[in-house]
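Open the model in your viewer and keep the selection tool at hand. This tour goes from one selection to the next.

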Amino acid sequence: MKAMLAIISNALCRITGKNVGARVVVSRSFTDFTPQATFDIKQCDLHRLEEGPPLKAELTREQGLQYYRTMQTVRRMELKADQLYKQKIIRGFCHLYDGQEACAAGIEAAINRSDHLITAYRAHGYTYTRGVTIKEILAELTGRKGGVAKGKGGSMHMYAPYFYGGNGIVGAQVPLGAGIALACRYQGNNQVCVTLYGDGAANQGQLFESFNMAALWKLPCIFICENNRYGMGTSVERASASTDYYKRGDFIPGLRVDGMDVLCVREAAKFAADYCRSGKGPIVMELQTYRYHGHSMSDPGVSYRTREEIQEVRSKNDPITVLKERLLSNNMASAEELKDIDVAIRKEVEDAAQFATSDPEPPLEQLCNHIFCNNPPVEVRGTNPWSKLQSVS
């Protein structure tokens, strides 16, 4: 490439008699980029496993750009949600996912669309990776009828095919995930269920009941603890006698994974999915990650940790920056190309925010709709979809 630029520059100099080398611009074609590269990734800590995921991960240029686009989209979407919340356009609970993007992107890259996923209330990232548009997510956050749950679910209750939403009760999604995995085994469809929870939910008794049943029945369930180091405002060291969450299954094998590296997450999730599909039963994964915002929008997130701590993670271990540097240093993408992706994502998020602030709210007469798909078996006060409702202010 450099030799070609020199030839062009010298030719122009001879023709014009001027040194125009500094002004020669040659657009790069796809053939100029490295189509595929292999990277060393961090070794996982293992529990009751003789071997774990590989220590090297292959990445194609197409995959790298896809992961970058996914993580950057989730980041921009969450920052826009932060802005809308502070403007009091989004109300109620709102738990943001920025900092943890590699978890959602890596898991989605490792499983099939027909596999199942259920998570807690920090669900916006998974809602997007499961196929819901930015427009539908932001409109749901603002309570508009164009939202994925028609504006009635809000931040914690979004759903899609094979995605069973965020769940507001701490840890309650874990037995539900085990139940979905039971259905997969019963139907023999070779599907798995990814069941996610946070470090704050890891001490819930219902987790251990779910572990026990899943192990007894050899359910294809990947139990994943997203350890972002703080349950609300309490650090893991102050909340858990043992912070080795990947060992909490005791009799269930476990992995502890670098949750800030999308390739580490992808390879570990592939390993876990293959383990479950082979009929060996459940597996526990701990993703060591970090959230940049507080627990929710009502938590500034700096009273129990320092701003310096957050900045250190951002500067040294940001999941988007880690992937970006890999792509650039291995000639798998150009800075201009990634900047163009950033600009396009910003526009898409802005357009979605415009829709989410202009779309009308669901009408009052639809408030009781979609409670049952058929007529309710008994008369329950207030659930009749044809009841006349009045707005009282």
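**Start at the sheet**

This is a predicted model. Select helix 7, residues 205–216: helix 7 lies across strand 5, strand 6 and strand 10 (283–288). Helix 7 runs at about 150° to strand 6.

Now hide helix 7 and select strand 5 (residues 193–198) with strand 6 (residues 221–227). The two strands run parallel, joined by 6 bridges. Pick Gly 198; opposite Gly 198, in strand 6, stands Glu 226.

Widen the selection to the whole sheet. It is an open sheet of 6 strands with mixed pairing, and the order is 2-9-10-6-5-4. Which strands stand at the edges? They are strand 2 (45–47) and strand 4 (116–118). Each has a single partner strand, so one side of each is left without a neighbour in the sheet. On average, neighbouring strands of this sheet are turned by 20° against each other, direction ignored.

**Helix 2 and helix 5**

Two packed helices are described by the angle between their axes and the distance between the axes.

Select helix 2 (residues 61–86) and helix 5 (residues 134–141). Their axes come within 11 Å and cross at roughly 25°. Angles under 35 degrees count as roughly parallel, and helix 2 and helix 5 are therefore roughly parallel to each other. Their crossing is right-handed.

Show the side chains of the contact. Helix 2 brings Thr 73, Met 77, Lys 80 and Ala 81. Helix 5 brings Ile 134, Ile 137, Leu 138 and Leu 141. By type, the residues of this contact are 6 nonpolar, 1 polar and 1 charged.

**A salt bridge from helix 2 to helix 3**

Side chains of opposite charge can pair when their charged atoms come close. The model has 18 salt bridges by the rule used here. Select one of them, Arg 75 with Glu 101: the closest N and O atoms are 2.5 Å apart. Arg 75 lies in helix 2 and Glu 101 in helix 3 (residues 101–110), so the pair ties together parts that are 26 residues apart in sequence.

**Helix 3 and helix 9**

Keep helix 3 and add helix 9 (residues 262–277). Here the axes come within 7 Å and cross at roughly 40°. That makes helix 3 oblique to helix 9. The crossing is right-handed.

Display the contact residues:

- Helix 3: Ala 102, Cys 103, Ala 105, Gly 106, Ile 107, Ala 109 and Ala 110.
- Helix 9: Val 262, Val 265, Arg 266, Ala 269 and Lys 270.

Colour this contact by residue type, and 9 nonpolar, 1 polar and 2 charged residues appear.

Conventions:
Residues are numbered from 1 along each chain as its sequence is written. This is a predicted model: local features need pLDDT of at least 70, side-chain atom pairs count only at pLDDT 80 or more; totals for chains, interfaces and linings use all residues. Side-chain values use heavy atoms; hydrogens and water are left out. Axes are lines fitted to C-alpha atoms, for helices over the stretch in contact, and angles run from 0 to 180 degrees between N-to-C directions. Helices (H or I, at least four residues) and strands (E, at least two) are DSSP runs, numbered from the N terminus. Angles under 35 degrees count as roughly parallel, over 145 as roughly antiparallel, 65 to 115 as roughly perpendicular and the rest as oblique. A crossing is left-handed if the near helix is turned anticlockwise from the far one by less than a right angle, and right-handed if clockwise. Contact means heavy atoms within 4.5 Å. Ala, Val, Leu, Ile, Met, Phe, Trp, Tyr, Cys and Pro count as nonpolar, Asp, Glu, Lys and Arg as charged, and the others, Gly among them, as polar. Two strands pair if DSSP finds at least two bridges between them. A salt bridge is a side-chain nitrogen of Lys or Arg within 4 Å of a carboxyl oxygen of Asp or Glu.
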